[in-house]
Amino acid sequence: MPKKWSRMFPGQAWQVAEARHFVAALLEGEEAGLVDDAVLIVGELAANAVRHTRSGWYRGWFLVVIGFTDDLLRIQVTDQGSDDEPMVRSVNTPVNEGGRGLLLVDACAKGWGVKDRPDGARCIWVELARVSG
């Protein structure tokens, strides 16, 4: 299997489910907990891209990249950027219905971060531990 897969999605809300299906298909045969975490993370990051960045604008897009090593799964979701910085909100912060997606990402991840691109795009990367077996 190749060590890295990627797919670009139109920046439309219904494409978030397509991104989750893409990741689930790539991870077929992996440990169920890893698949569940990866699908949750991609869903949260893709939804954030469509909802909170220029990816959700007319002709917008977001990119999902899945990379494999023997012991790690690396997920990257690149969006078209925003003037706002991504932030983890506390469970005690009063927020309407949403706002806690990065808190879920943080809880699942071995590590994660944000990298701004020179063209204004932003990449959020997440690493998950793979169980060897």
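This is a short tour of a predicted model, stop by stop.

**Whole chain**

Start with everything shown as a cartoon. The chain has three helices and five strands. Follow the sequence from its start and the pattern reads β-α-α-β-β-α-β-β. Now colour by burial. Of the 133 residues, 39% count as buried. Take the contacts with a separation of 6 or more: residues 24 or more positions apart account for 62% of them.

**The sheet**

Select the five strands. They make an open sheet in the order 1-2-3-5-4, and the pairing is antiparallel. Which strands stand at the edges? Strand 1 (4-10) and strand 4 (111-116) do. Each has a single partner strand, so one side of each is left without a neighbour in the sheet. Look at the twist next. Neighbouring strands are turned by 15° against each other on average, direction ignored.

**Strand 1 against strand 2**

Select residues 61-68, which are strand 2. Seven bridges join strand 2 to strand 1, and the two run antiparallel. Pick out serine 6: its bridge partner in strand 2 is valine 65. Then pick methionine 8, which stands opposite leucine 63 of strand 2.

**Strand 2 against strand 3**

Add strand 3 (72-79). Strand 2 and strand 3 are antiparallel, joined by six bridges. They form a hairpin with three residues between them. Within this pair, phenylalanine 68 stands opposite leucine 73 in strand 3.

Is strand 2 enclosed or open to the outside? Six of its eight residues are buried, so strand 2 is largely enclosed by the rest of the structure.

Stay on strand 2 and select isoleucine 66. Leaving aside neighbours within four places in sequence, isoleucine 66 is in contact with Lys3, Lys4, Trp5, Phe22, Val23, Leu26, Leu73, Arg74 and Ile75.

**Threonine 78**

Move along strand 3 to threonine 78, which lies in that strand. Threonine 78 is buried, with a relative accessible area of 10%. Show what surrounds this residue. Not counting residues up to four places away in sequence, threonine 78 touches Trp61, Phe62, Leu63, Arg117, Ala121, Arg122 and Cys123.

**Helix 1**

Select residues 15-26, helix 1. Helix 1 packs on the sheet and touches strand 1 and strand 2. Its direction makes about 165° with that of strand 1. Check the length in your viewer. At 1.5 Å a residue, the twelve residues should span 16 Å; the end C-alpha atoms are 17 Å apart, which agrees.

Now show the side chains. Gln15, Val16, Ala19, Phe22, Val23 and Leu26 are buried. Look down the helix axis: these buried residues fall within an arc of 115°, so they line one face of the helix. An α-helix has 3.6 residues a turn, so residues three or four places apart point the same way. The buried residues of helix 1 pack against strand 1, helix 2 and strand 2. Turn to the face away from the buried side. There helix 1 carries the exposed residues His21 and Ala25.

**Valine 23**

Zoom in on valine 23, in helix 1. Valine 23 is buried, with a relative accessible area of 0%. What does valine 23 contact beyond its neighbours within four places in sequence? The list is Ala38, Val39, Val42, Val64 and Ile66. Try one distance as well. Valine 23 and glycine 43 are 20 residues apart in sequence and 9.6 Å apart in space, C-alpha to C-alpha.

**The nonpolar core**

Widen the view to the largest nonpolar core, which has 31 residues. Those with the most contacts inside this core are Val23, Phe62, Val64, Ile66, Leu73 and Ile75. The elements that give two or more residues to the core are helix 1, helix 2 (32-52), strand 2, strand 3, helix 3 (101-108) and strand 5 (122-129). Which element gives the most? Helix 2 does, with eleven residues.

**Arginine 59**

Finish in the loop between helix 2 and strand 2, and select arginine 59. Arginine 59 is exposed, with a relative accessible area of 70%. Check the backbone here. Phi of arginine 59 is near 65°, a positive value in a residue other than glycine.

Key: Residues numbered from 1 in each chain as written. Predicted model: local features only at pLDDT ≥ 70, side-chain atom pairs only at ≥ 80, totals over all residues. Heavy atoms only, no water. Pairing = 2+ DSSP bridges. Helix = DSSP H or I, 4+ residues; strand = E, 2+ residues; numbered from the N terminus. Axes fitted to C-alpha atoms, helices over the stretch in contact; angles between N-to-C directions. Contact = heavy atoms within 4.5 Å. Core = buried A, V, L, I, M, F, W, Y, C linked by side-chain atoms within 4.5 Å. Buried < 20%, exposed > 50% of the residue type's maximum accessible area, 1.4 Å probe, protein only. Expected span 1.5 Å × (residues − 1). Arc of directions from axis to C-beta.
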